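Fancy learning your way around a protein by working through some short exercises? Have a go at each task before you read its solution.

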Amino acid sequence: MLEPIYVEDVTRVVVKYDHILVDEIREQFTMIYSDILYDIDDNVATITLNRPDRLNAWSRDMEGDVRRAMEVAGADEGVRAIIVTGAGRGFCAGADMSILSASSEEDSDSRREADRKRLHHEPVACQLELPSDYNMRYTYFTATPKPVIAAINGPCAGLGFVMALFCDVRFVSEKAVFTTAFARRGLIAEHGIDWILPRVVGLPNALDLLLSARKIPAAEAFQMGLATKVFPHEELMDGVVAYAKELALMVSPRSMRVMKEQVYRTQGTSLSESVNRGFDEMYDSLDSDDFREGVAHFVEKRAPSFSGQ
């Protein structure tokens, strides 16, 4: 059995393994979640926000659960793609308003400093080598070394919208509805949505969605580039799982990891830096086990068996 360097803490799990999470450890971690469900099938991990009675409204417990699950999935070599979805009829309705109402009664200065400390996280095992911007309170999906796919099955608002934007791909049900919500609550664009949203939908669309906080249906979300694909509601999860399994079975984990890092790193670099880094990464790829397997399975006309190395 492989031994972890760090194991379970009461409030946080940091996992560092040399290779792979064993089943016993994986089961131990899945038992600690209170506001999510965590499942693995055919190299695909599914994180399900699980407060369906409140449209999966975001809570402190859910925030910690998702962070821990994402760390475990990122470190587990048996996981090659990650799906994030919601239980019941919604994806995530945003922050739980009962919690927001209670926090508004606390001393503002003390709450501000306490929350400021929660903006930043220590790096975790196996994350991509990206600037610290990508390891903040809600931006860390981008530093996860596996593709993170949002399966948006219904209302997606506020913090739920922020989380969906930091997923790598967004597949949506025809019943999905999006709203930034902040302006209609007397709030502002938070947790980097003002940075990521214009990159996804363009500046005019981003300003429209932020300033008006209007609700947009799935078809309009697809038209502006927010949604990658729209599915009939009953076919959403089957379609998302099929896509995730195709990534897990047919694509080099090493290639996905490197390209994801390239894309997010390039958001803060010049074209010449991108070209030069790509040059070195290509030569590293030519020396990799996955490149040799990529050529071999193509020539031999068989399914690939990538090691991720």
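Below are six exercises on this predicted model, each with a worked solution.

**Exercise 1: The overall picture**

Task: Find how many helices and strands the protein chain has, and what share of its residues is buried.

Solution:
- Step 1. Go through the secondary structure of the chain: you should get twelve helices and nine strands.
- Step 2. Now look at burial. The chain has 309 residues, and buried ones make up 46% of them.
- Step 3. Turn to the outside. The accessible surface comes to about 15700 Å², and 54% of that belongs to carbon and sulfur atoms.
- Step 4. Finish with the contacts. Take those with a separation of 6 or more: residues 24 or more positions apart account for 65% of them.

**Exercise 2: Two helices side by side**

Task: Work out whether helix 10 and helix 11 are roughly parallel or roughly antiparallel.

Solution:
- Step 1. Locate the pair: helix 10 covers residues 253–266, and helix 11 covers 271–286.
- Step 2. Get the geometry. The two pack at an angle of about 170°, and their axes are 11 Å apart.
- Step 3. Compare that with the cut-off: an angle over 145 degrees counts as roughly antiparallel. Helix 10 is therefore roughly antiparallel to helix 11.
- Step 4. See which residues meet. On the helix 10 side they include Arg254, Val258 and Glu261, and on the helix 11 side they include Ser274, Arg277 and Gly278.

**Exercise 3: A salt bridge between those helices**

Task: Say which salt bridge arginine 277 makes, and whether each partner is buried or partly exposed.

Solution:
- Step 1. Find the partner. The side chain of arginine 277 meets that of glutamate 261 in a salt bridge, at 3.1 Å from N to O.
- Step 2. Place both ends. Arginine 277 sits in helix 11 and glutamate 261 in helix 10, so the pair ties together parts that are 16 residues apart in sequence.
- Step 3. Check arginine 277: with 30% relative accessibility, this residue counts as partly exposed.
- Step 4. Check glutamate 261: the relative accessible area here is 12%, so glutamate 261 is buried.

**Exercise 4: More salt bridges**

Task: Count the salt bridges in the whole structure, then take a look at the one made by aspartate 96 and the one made by arginine 292.

Solution:
- Step 1. Search everything, and 14 salt bridges turn up.
- Step 2. Pick aspartate 96. This residue pairs with arginine 51, and the closest N and O atoms are 3.0 Å apart.
- Step 3. Place the two. Aspartate 96 is in the loop between strand 3 and helix 3, while arginine 51 is in the loop between strand 2 and helix 2, so this bridge ties together parts that are 45 residues apart in sequence.
- Step 4. Check their burial. Aspartate 96 is buried at 3% relative accessibility, and arginine 51 is buried at 15%.
- Step 5. Now try arginine 292. The side chain meets that of aspartate 289 at 2.7 Å, N to O. These residues are three apart in helix 12, so about one helical turn separates them.
- Step 6. Check this pair too. Arginine 292 is partly exposed at 45%, and aspartate 289 is partly exposed at 40%.

**Exercise 5: A nonpolar patch**

Task: Find which helices each supply at least two residues of the nonpolar surface patch.

Solution:
- Step 1. Gather the members: Phe279, Met282, Tyr283, Leu286, Phe291, Val295, Phe298 and Val299 make a patch of about 850 Å².
- Step 2. Match them to helices. Helix 11 and helix 12 (289–300) each supply at least two.
- Step 3. Zoom in on one member. Phenylalanine 291 is in helix 12 and is partly exposed, with a relative accessible area of 37%.

**Exercise 6: Positive phi**

Task: What is the phi of aspartate 42, and what is the phi of alanine 213?

Solution:
- Step 1. Recall the background: most residues other than glycine have a negative phi.
- Step 2. Take aspartate 42. Its phi is near 50°, a positive value. The residue is in the loop between strand 1 and strand 2, is partly exposed at 46%, and is linked with Asp41 and Lys245 in a network of salt bridges.
- Step 3. Take alanine 213. Phi here is near 55°, again positive. Alanine 213 lies in the loop between helix 7 and strand 8, and is buried at 3% relative accessibility.

Technical notes:
Residues are numbered from 1 along each chain as its sequence is written. This is a predicted model: local features need pLDDT of at least 70, side-chain atom pairs count only at pLDDT 80 or more; totals for chains, interfaces and linings use all residues. Side-chain values use heavy atoms; hydrogens and water are left out. Patches are made of residues with over 30% relative accessible area and no salt bridge: like charges are joined within 9 Å, nonpolar side chains (Val, Leu, Ile, Met, Phe, Trp, Tyr) within 5 Å. Accessible areas come from the Shrake-Rupley method with a 1.4 Å probe; for residues, only the protein chains shown count as cover. A salt bridge is a side-chain nitrogen of Lys or Arg within 4 Å of a carboxyl oxygen of Asp or Glu. Helices (H or I, at least four residues) and strands (E, at least two) are DSSP runs, numbered from the N terminus. Buried means under 20% relative accessible area, exposed over 50%, partly exposed in between (1.4 Å probe, protein chains only). Axes are lines fitted to C-alpha atoms, for helices over the stretch in contact, and angles run from 0 to 180 degrees between N-to-C directions. Angles under 35 degrees count as roughly parallel, over 145 as roughly antiparallel, 65 to 115 as roughly perpendicular and the rest as oblique. Contact means heavy atoms within 4.5 Å.
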